[in-house]
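Biologist: I'd love a close look at one part of this model, at a bench biochemist's pace. Could you walk me through it once we have it in front of us?

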Amino acid sequence: MPELTRRRALGAAAVLAAAAGSQAVAAPPAAAVPDPHHGGPESFEEVYRGRRIAGRPTAGGHHHGAGYGVFIDGVELHVMQNADSSWISVISHYDPVPTPRAAARAAVVELQGAPLVPFRAN
C-alpha cells in the first residue's frame with residue numbers, strides 16, 4: 001500500500017470536494033414557491049407556537065434576503081438567501097432551511113419564548 005503523503009491527502013480531499021459539489025448541483029434543496037408578481041418566495045402569515053410569523057416581498061432588498069422580509073411578532077428577522085436557494089437567519093445562521101417560512105419557524109423554536117431584538121446591520 002502506498003505511503004500517505006501530503007500530496008495524496010490533498011488530492012483525495014479535492015476529489016471528495018468535487019464529488020460533493022456535483023451532488024449539490026444535481027439535487028438542490030426545495031425552494032419556496034415563487035410569488036408570480038415578484039419572482040421570489042410566496043408571502044405567508046400564521047401563528048406558530050403562539051408567535052405571529054409573516055413573510056412578504058419588501059421594497060429595495062436592503063439586506064441579503066433580496067427584497068424579502070420575515071417578521072416575528074412584527075419585528076423583522078434578518079434573513080439571507082444562500083447561493084443554493086436555502087435560507088438562514090440571524091438566529092439560526094448555521095442551520096439552512098428551504099424557505100423563509102421555515103427560517104421563521106426555526107427562529108421561534110430557538111427563541112424559546114424570548115422576544116426578538118431588532119438586528120441593526122451597520
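Which residue follows α2, and what is the sign of its phi? Please take me through that helix and what surrounds it.

Modeller: Happy to, and please keep in mind that this is a predicted model. The residue that follows α2 is Gln-112, and its phi is positive, near 50°.

Now the helix itself. α2 covers residues 100-111. With 12 residues at 1.5 Å a residue, α2 should span 16 Å, and its end C-alpha atoms are indeed 16 Å apart, so expectation and model agree.

Next, which residues of α2 are buried? They are Pro-100, Ala-103, Ala-104, Ala-107, Val-108 and Leu-111. These residues cover an arc of only 140° around the axis, which puts them on the same side of α2. The spacing makes sense: an α-helix has 3.6 residues a turn, so residues three or four places apart point the same way.

What lies over that buried side? The cover of the buried α2 residues includes the strands β1 (44-48), β2 (51-57), β3, β4 (75-77), β5 (79-81) and β6 (87-89).

This brings us to the largest nonpolar core, which has 15 residues. Those with the most contacts inside this core are Phe-44, Ile-53, Val-70, Ile-72, Leu-77 and Val-79. Both β3 (68-72) and α2 supply at least two residues of the core, and the largest share, 5 residues, comes from α2.

There is also a polar side to the story, and a good place to see it is Glu-46, which lies in strand β1. Glu-46 has 16% relative accessibility, so it counts as buried, the cut-off being under 20%. Its side chain makes a polar contact of 2.5 Å with the side chain of Arg-101, and a second polar contact, of 2.8 Å, joins the side chains of Glu-46 and Arg-105. Leaving aside residues up to four places away in sequence, Glu-46 touches Arg-51, Arg-52, Ile-53, Arg-101 and Arg-105.

Some of those neighbours lead us to the strand pairing. β1 and β2 run antiparallel and are joined by 5 bridges; one example is Val-47, whose bridge partner in β2 is Arg-52. The two strands form a hairpin with 2 residues between them, and Arg-49 in the turn has a positive phi of about 50°.

Definitions and conventions:
Residues numbered from 1 in each chain as written. Predicted model: local features only at pLDDT ≥ 70, side-chain atom pairs only at ≥ 80, totals over all residues. Heavy atoms only, no water. Core = buried A, V, L, I, M, F, W, Y, C linked by side-chain atoms within 4.5 Å. Buried < 20%, exposed > 50% of the residue type's maximum accessible area, 1.4 Å probe, protein only. Helix = DSSP H or I, 4+ residues; strand = E, 2+ residues; numbered from the N terminus. Expected span 1.5 Å × (residues − 1). Arc of directions from axis to C-beta. Contact = heavy atoms within 4.5 Å. Polar contact = N/O pair within 3.5 Å; in protein donor to acceptor, adjacent residues only side chain to side chain. Pairing = 2+ DSSP bridges.
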